[in-house]
Amino acid sequence: MLSRLFQRAHPNRPPLRLHNTLSGALEEFTALSSREVKMYNCGPTVYDRQHIGNLRSYVLADTLRRALLYWGYSLKQVINITDVGHLVSDADEGEDKMEASAKKQGRSAKDIASEYTDAFLKDLDALGIDRTHILFPRATEYISEQIALVKTLLEKGYAYEIADGIYFDVSRFPSYGKLGGIKLSGLREGARVEENPEKHGPYDFALWKRSPPGVEREQEWNSPWGVGFPGWHIECTAMIFKLLGKQIDIHTGGVDHIPVHHNNEIAQAEAATGKRYVKYWLHNEFITIEGKKISKSLGNTVYLYNVADRGLSPKVLRYWFLTAHYRSPINFTWEALEGAASARDRLLRHFFEEYAQAEGGTPDESFMRNFLDALAHDLDTPKALAAVWEMVRNESLSPAVKRASLLEVDTLLGIGIGDARERMKLSVIPERELPEEIQKLLQEREEARASKDFTRADVLRRELQERGYEISDTPEGSRISKIN
Ligand code: AMP
Ligand code: ZN
């Protein structure tokens, strides 16, 4: 991953600065100890597929991982799999998302968790996220660690027991809400959930919940406080302690996690250890779709397979993510994604058609400086991409230099420059730019498909292939791309 070429040219990287939600400011990154950075990314609740909004979180984590490696750090990274305890309300009331989904689908929670965990891991692969070095602990496999942590909190007087379980006493942790400067009164107004009248304070949160009387849960465990299941927040801290240690460098997640989930994590972790839990907190902003919150009930959810169904490479989604800064909200439209597809196509075409044969160059120093300066400034990927385009347009640079520069920066961007398989997926040639003969064949094939004459459509597909064009069929019609 580390490029020796560039290290020789530039032994010093610009200091890497990251926006820390804890201080609300840009801070220079320095590792807690040695050169091994410990990073935890809040992972998926596997009651359903992850949508493109969720995937933005993992592309942020991966961009950060690539940057840290490039800056010379080694890394221990964990993404948890939440397969129990995340309740529908996101607070401590309502059904467990896993159990609710299992009931709805008439399947076991285990079965559902396994299907959506696999789907999630495949999505990561498709997005070019190298997961071979990432640990993916499942919450259900760390129950005893969670119970032990709850015990510690009880022993230290930070937790109390009521009828339905064990709760963290927020009044015992005076700096509660420090992440994101959360005003507790604001949280209270936002709460839509029925209060549990036995709780000592409205912000107290469940560490362990007893299985409700008369309800048989599929996932439940014995504990010193009876049969039950862990609260959602405790899993992250218990797994961090076990796999990364009591103090870690980086913790990430979506901005929705700032007010409650991450403040709860800080409270329980720091109460248990008396030490600072996380040095840098990073949060990605949300994606909306066609201007609206992503929501099942609105039926506007977009998944990675929808992108592939349109004949677009999943790396197009990655490119589109990178065109915005991770701390800016972005609105997804298919037009915006098509725009990203054609920009990325142009970039890959430049590479394959003009530079690919020109081996032996080294990256351009001034370009690399601009590019790395942008990334070093809180992972400013839009600025980094702008630097890439400026370099591509710079006529004074040779194809060999451009080739080397693009290959170098793709270790950080991961958009598939130079990847021959991606070349096969280049898409969206506007029809008017096709030779007339090709346009005619395409038209004939569309007609054959419309009249369900698939044999004829296949013959025409092969004819187009012979002329150097690949067809992929999508619900919106066929896309055509050039094979070479
Ligand atoms: P979940 O499976 O709900 O725990 O979410 C997984 C990750 O996706 C978390 O880090 C969330 O903060 C994040 N997330 C959820 N919805 C969106 C969205 N619309 N845009 C960006 N990130 C999101
Ligand atoms: Zn978490």
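**View 1. The zinc site, held by two cysteines and a histidine.** Three protein donors reach the zinc ion (ligand 2): Cys-42 through SG, Cys-236 through SG and His-261 through NE2, at 2.1 to 2.2 Å from the metal. Donors here are N, O and S atoms within 2.8 Å of the metal (3.2 Å for Na, K and Ca), and water is not among the atoms, so sites may look incomplete. Read along the sequence, the donor spacing is C-x193-C-x24-H. Cys-236 sits in helix α7 (residues 232-243) and His-261 in helix α8 (residues 258-273), so this pair ties together parts 25 residues apart in sequence. Helices are DSSP runs of H or I with at least four residues, strands are E runs of at least two, and both are numbered from the N terminus. Both of these donors are tucked away: Cys-236 counts as buried at 1% relative accessibility, and His-261 is buried too, at 2%. Buried means under 20% relative accessible area, exposed means over 50%, and partly exposed is in between (1.4 Å probe, protein chains only).

A quick note that goes for every view: this is a predicted model, where local features need pLDDT of at least 70 and side-chain atom pairs count only at pLDDT 80 or more, while totals for chains, interfaces and linings use all residues. Residues are numbered from 1 along each chain as its sequence is written, chains are lettered from A and ligands numbered from 1 in the order in which they are written, and side-chain values use heavy atoms, with hydrogens and water left out.

**View 2. Ligand 1 and its shell of 18 residues.** The closest of these residues are Thr-45, Gly-53, Gly-254, Asp-256 and Ile-287; a residue is near a molecule if one of its heavy atoms lies within 4 Å of it. Sorted by class, the shell has 11 polar, 5 nonpolar and 2 charged residues. In that sorting Ala, Val, Leu, Ile, Met, Phe, Trp, Tyr, Cys and Pro are nonpolar, Asp, Glu, Lys and Arg are charged, and the others, Gly among them, are polar. Helix α2 gives the most to the shell, with 4 residues.

**View 3. Polar contacts of ligand 1.** One ligand oxygen is 3.1 Å from a side-chain N or O atom of Asn-54. An oxygen of ligand 1 also lies 3.0 Å from a polar backbone atom of Gly-254, and a ligand nitrogen is 2.9 Å from a polar backbone atom of Ile-287. On its own, ligand 1 has 500 Å² of accessible area, and the protein covers 92% of that (Shrake-Rupley method, 1.4 Å probe). The elements giving two or more residues to the shell are α2 (52-70) and β10 (248-254).

**View 4. Aromatic pairs.** Searching the whole structure turns up 17 aromatic pairs. Rings of Phe, Tyr and Trp (its six-membered ring) pair if their centres lie within 6.5 Å; planes under 30 degrees apart are stacked, over 60 edge-to-face, and the rest tilted. Tyr-160 and Tyr-167 have ring centres 6.3 Å apart and planes at 20°, so they are stacked. Tyr-160 is buried at 8% relative accessible area, and Tyr-167 is buried at 0%. Trp-320 and Phe-321, with centres 5.8 Å apart and planes at 40°, make a tilted pair. Trp-320, Phe-321, Phe-332 and Trp-334 form one aromatic cluster.

Note on methods. A polar contact is a pair of N or O atoms within 3.5 Å; within protein, one must be able to donate a hydrogen and the other to accept it, and residues adjacent in sequence count only if both atoms are side-chain atoms.
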